[in-house]
Amino acid sequence: MLQNVAVGRSSLDTYRASAGDEAVDELRRLARSLEGVRVLHLNATAYGGGVAEILRSEIPLLRDLGIVARWKTIPGSNEFFSVTKAIHNALQGGTRGVTPAEWEIYERTSAQAAANVEESYDIVVVHDPQPLMLRHLVGPRDAVWIWRCHIDSSEPDPAVIARLTPFLSEYDAAVYTLGSFAPPDAPPRRVEVIPPAIDPISPKNIHLDDTLATEVLDWIGVDVSRPLLVQVSRFDHWKDPLGVIAAYRIVKRRMPEVQLALVGSMALDDPQGWQVYREISTDAADDPDIYLFTNLTGVGNIEVNAFQRHADVVIQKSLREGFGLVVTEAIWKGTPVVAGRAGGIPLQLADGVGGYLVDDVESCAERVLDLLRDPAAARSLALAGREQVRRRFLLPRLIGDELRLYADLLEQHPLPPRTPAAAAVSGEDRDPVCGMRLGPHAEHLLSHDGRQYRFCSASCAREFAENPHLFLRTALRGGR
Ligand code: UDP
């Protein structure tokens, strides 16, 4: 089996205050025709990076809308994730390429993951290149398959995209953050543009007052009485951490009291992170005012929230970027951002609204200095960007766009009629929660309404017990 990522429950109604009643009501309306549809989101890691960040918030809300949503990850070794990082870099325009031996590892591990797909779904959303081959290896299985690309793949390495194109062409649709991100000659039958979004009420983004944010950073060891620059990012060359340090050094020559924190998470599917971390540590070793923090030493969501709120300026000096959730996260908190003019960043940040766009180290330093010298102007600049975040980059908008796509694709690709047995209500054939085929001896049993159901695991049985109606509705969808 693929690895299930357990997420808690949440209610869309708690988003009324931040996203507005209209947005929430619209989602409930859109979801009506999708009740009971089984949707799998498949990616490579349950933590670290923007995809995990979004899925952690989105899956419970899809369930609250009556969709049988699951989040699973493909298993992979460090070796496999080094290869998929090479593919990721090549899609982003890197020139290192992918060697024949690496393709062999990619295909072998993908085949192992594909052999673990035992469940059945109506819609499978595959995120990024790591699980991309699964559609080819698993076959359609009566599902609609969507490739959700979070990478700016507008200028991919030609050899790498040529190798992936046959797999991509089997998808029913591909979704990109910006229209321009689709690779030239993008093969899927349908290309959609859906920008990501942040969760305004997650611990990462929930309101923290100044006192609490300051106390958190004081405890971490930052001098809260001096100006602070922050970049929050995976440790990745495309996020240009050494460029950030270079810009900070220019600022420091003119404003010696300034400090810099580089806050980075280590993602399971990004083994290059440690190598970049070591390069940064070496570069920063002679300056006690440069702090390096990671999720592995306790800098989690609340701490990132505190950094993004307390910082005088948030920097995101990316050279290439899919979207860069961190930019919207900072603007939402009223903190000005100086960011590289790359990928999806200009979509979030018009130069002069929410912050500034820069193209090199020197202009980054200049813009940071402008903001540090006039904190009142910096604050109003940041707040000017907040309304755009509310309108365009909060989670309910993202979910709405996705629901419209799901409904539309299912209309063109009606679900095949399901007999009760195939849909598992008879309890003879499949787990009604995850759709997995059951052997004759599945031992997790539950009775509901005088009928017995069997499950592949205790967690599926528990999920069913909490809301049997949801899963029985799934079964009854057949032949819509
Ligand atoms: N992040 C985090 N801790 C860190 C570094 C990053 O929680 O130390 C989060 C960050 O707040 C954001 C996500 O990871 O929500 C990164 O997403 P983004 O789109 O900016 O970049 P990606 O890593 O997907 O390239």
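**View 1. The exposed side of helix H5.** Pro100, Ala101, Glu104, Arg108, Ala111 and Ala115 are exposed on one side of H5, where exposed means 12 or fewer other C-beta atoms within 10 Å of a residue's own, buried means 20 or more, partly exposed is in between, and C-beta atoms are placed from the backbone. Helices here are DSSP runs of H or I with at least four residues, strands are E runs of at least two, and both are numbered from the N terminus. A word on the source: this is a predicted model, so local features need pLDDT of at least 70 and side-chain atom pairs count only at pLDDT 80 or more, while totals for chains, interfaces and linings use all residues. Residue numbers start from 1 along each chain as its sequence is written. Now for the other side of H5: Tyr106, Thr109, Ser110 and Ala113 are buried. These four cover an arc of only 105° around the axis, which puts them on the same side of H5; the arc is taken over the directions from the helix axis to the C-beta atoms. The buried residues pack against helix H4 (78-91) and helix H6 (134-138), with contact meaning C-beta atoms within 7 Å.

**View 2. Helix H9 and its packing partners.** H9 runs over residues 241-254, and its 14 residues reach 21 Å from first C-alpha to last, close to the 20 Å expected at 1.5 Å a residue; that expected span is 1.5 Å times one less than the number of residues. Pro241, Gly243, Val244, Ala247, Tyr248 and Val251 are its buried residues. Looking down the axis of H9, they fall within an arc of 150°, so they line one face of the helix. Their packing partners are strand E8 (228-232), E9, helix H10 (273-284), strand E11 (313-316) and helix H14 (361-373).

**View 3. The shell around the ligand.** Gly49, Gly50, Glu53, Ser265 and Leu325 come nearest among the 19 residues around the ligand, a residue being near if its C-beta atom lies within 6 Å. At least two shell residues come from each of helix H3 (50-64), strand E9 (259-264) and helix H12 (325-332), and H12 gives the largest share, 3 residues. The shell has 7 nonpolar, 8 polar and 4 charged residues; Ala, Val, Leu, Ile, Met, Phe, Trp, Tyr, Cys and Pro count as nonpolar, Asp, Glu, Lys and Arg as charged, and the others, Gly among them, as polar.

**View 4. Where domain 1 meets domain 2.** The chain is divided into domain 1 (3-197 + 394-435 + 471-475) and domain 2 (210-389), with bounds from an automatic or database domain assignment. Their centres, taken over C-alpha atoms, are 30 Å apart. Across the interface, 24 residues of domain 1 are in contact with 19 residues of domain 2. On the domain 1 side, H3 and H4 each supply at least two residues, and H4 has the largest share with 5. That side breaks down into 8 nonpolar, 13 polar and 3 charged residues.

**View 5. Two loop residues with positive phi.** Most residues other than glycine have a negative phi. Asp128 has phi near 65° and sits in the loop between strand E4 (123-127) and H6. Asp128 is buried, with 24 other C-beta atoms within 10 Å. Arg141, with phi near 50°, is in the loop between H6 and strand E5 (144-148). Arg141 counts as partly exposed, having 14 C-beta neighbours inside 10 Å.

Definitions and conventions: Contact = placed C-beta atoms within 7 Å.
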